[in-house]
Amino acid sequence: MEYTKKMCPCGFPQSWHIPHEHDQTDREKEIIEHFRGTYEENQKAIKALADACKAQHDAIDVLFAKLITLDESFLPSKSGKLWEALLEGNEALETYGE
Ligand SMILES: [Zn+2]
């Protein structure tokens, strides 16, 4: 069998027909655009949430420092939910922050 490499008129190289972008139906293009838009919105939401998380993390740090100056026996790591929130924030920032 002779191997012949054909080119689609759009320039996409192919040995046999491989569906690619211009073969998509209008409905397929709409669906892809919809999900591309959803993905971009999600990326913006993740960025906004990570920024808010960072701001809260910094605020908790300041509040810890103020509490320490008011009560030298105060240990942030023994503050229960406050400390857990800080750790959760750190984890979220490591995963989703810049
Ligand atoms: Zn093509």
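**Exercise 1.** Work out where K66 sits and whether K66 is buried or exposed.

*Solution.* K66 is found in helix α1; helices here are DSSP runs (H or I, at least four residues), numbered from the N terminus. A quick note on the model: it's predicted, so local features need pLDDT of at least 70, side-chain atom pairs need 80 or more, and totals for chains, interfaces and linings use all residues. Residues are numbered from 1 along each chain as its sequence is written.

Next, the cut-offs: a residue is buried with 20 or more other C-beta atoms within 10 Å of its own, exposed with 12 or fewer, and partly exposed in between, with C-beta atoms placed from the backbone. K66 has 11 C-beta neighbours inside 10 Å, so K66 counts as exposed.

**Exercise 2.** Do the same for D61, then find how far D61 is from P76 in space.

*Solution.* D61 lies in helix α1 too. D61 has 12 C-beta neighbours inside 10 Å, so D61 counts as exposed. C-alpha to C-alpha, D61 and P76 are 9.2 Å apart, with their positions 15 residues apart in sequence. Zooming out, the count of buried residues among the 45 residues of α1 is 0.

**Exercise 3.** Check the end-to-end span of α1 against the expected one.

*Solution.* The expected span is 1.5 Å times one less than the number of residues. For the 45 residues of α1 that gives 66 Å; the end C-alpha atoms are 65 Å apart, so the two agree.

Note on methods:
Helix = DSSP H or I, 4+ residues; strand = E, 2+ residues; numbered from the N terminus.
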